[in-house]
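Here's a quick briefing to go with the model you're about to see. Have a look at how the helices sit against each other, then read on.

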Amino acid sequence: MHFRFNKPYQIINIIFAGIIILLFIYSGIFSVRKENHPIPSNSELIFGKKTPSTGLSRAFSEIVRFDFKSAKRYNPHSIKIFIFFFVQFFLRIGLLWLSCSMKKKNLNQLIVLDSSFSTGLLLYCFWDIIPL
Amino acid sequence: MDEQVKTNAGQGLGIAGLVLGILSVILAIMGCTFLIALVFGAVGVILSAVGLSQAKRSNGAKGINMGGLVVSIIGVLMALTITVFLGSFIKKANDGNYWWNKLEQFENVSEEIDKEIEKELGYEEDKMEDLEKKMEELEGEIKDTVKEEVEKAKKEADESIKKAEEELDKLKDEQ
């Protein structure tokens, strides 16, 4: 099989897979015990109050260390959101591999299917923390 | 019919715009990262717009640039909306119906429980002070008693030494 990463869809898949890996590395490097997470909660900074998504970085750090109980304590929705990124990582890799051997017509169908599924999954996993 | 060959003009900017747009949507949904979402979305809009103009000028593919522009605009709008809703959400929370007010109530209840436990175990501050005073008094009494006992023992020892010396003297005289 001849792989050529020149289609925009493939490049986007590579970029997102890379971003998700960086997210996992970020969660692994920074930990709750060291209290060294560099991104503060914007709402806590501006409004001085917590939002339903506060504590996600700390929860992710606990999840990559397989401490799920502690992660739930920092943010009760963290596991669902982590699953989104976990699924997306393997989806990006899988779709990248699949798209390399596809014709343009089939690729367009795949892109529509991928964007619909990813949007649905995004809404399902993030629904509880949307402050609307 | 002659089909014009599409160039790659503006494609890189379109990809960057689309990625930033998608990230801005995700970050806007997360709520507490709405500022980063706003920045990402704004940069995504600019990159996609520039990419679109390049694609128009050089007959490039416009789809990805359009996609990037639309998603970035959605990201910016979501970030702005969430900023407004977050403000009202927090205002409502301060008014007293939302979960974090309940959390504060829960914290108050847990503090009360702690106090009750301290009461039950007799760790109240007043009681602790009384206990410390009594301990000091007891310590003083113990010191006095020990002092008396030591003095008594000293006297008895002195007397017995004197007696022993007298008996020793008697024995010397007899010899």
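α1(A) and α1(B) are oblique to each other, because their axes pack at an angle of about 40°, and "oblique" takes in whatever is not under 35 degrees (roughly parallel), over 145 (roughly antiparallel) or 65 to 115 (roughly perpendicular). This is a predicted model, where local features need pLDDT of at least 70, side-chain atom pairs need 80 or more, and totals for chains, interfaces and linings use all residues. Residues are numbered from 1 along each chain as written, with chains lettered from A and ligands numbered from 1 in written order.

**Where the chains cross**
- The axes of α1(A) and α1(B), residues 11-29 of chain B, lie 10 Å apart (lines fitted to C-alpha atoms over the stretch in contact, with angles from 0 to 180 degrees between N-to-C directions).
- The contact (C-beta atoms, placed from the backbone, within 7 Å) uses P8(A), I11(A), I12(A) and I15(A) on one helix and Q11(B), I15(B), L18(B) and V19(B) on the other.

**Helix α5(A)**
- Helices here are DSSP runs of H or I, at least four residues, numbered from the N terminus.
- S78(A), I81(A), F82(A), R92(A), L95(A) and L96(A) are buried (20 or more other C-beta atoms within 10 Å of a residue's own, C-beta atoms being placed from the backbone; exposed means 12 or fewer).
- They share one side of α5(A), because they cover an arc of only 160° around the axis, taken from the directions from the helix axis to the C-beta atoms.
- On the other side, F90(A) and G94(A) are exposed.

**Chain B**
- Chain B has 5 helices, and 31% of its 175 residues count as buried.

Technical notes
Helices (H or I, at least four residues) and strands (E, at least two) are DSSP runs, numbered from the N terminus. Two residues are in contact if their C-beta atoms, placed from the backbone, lie within 7 Å.
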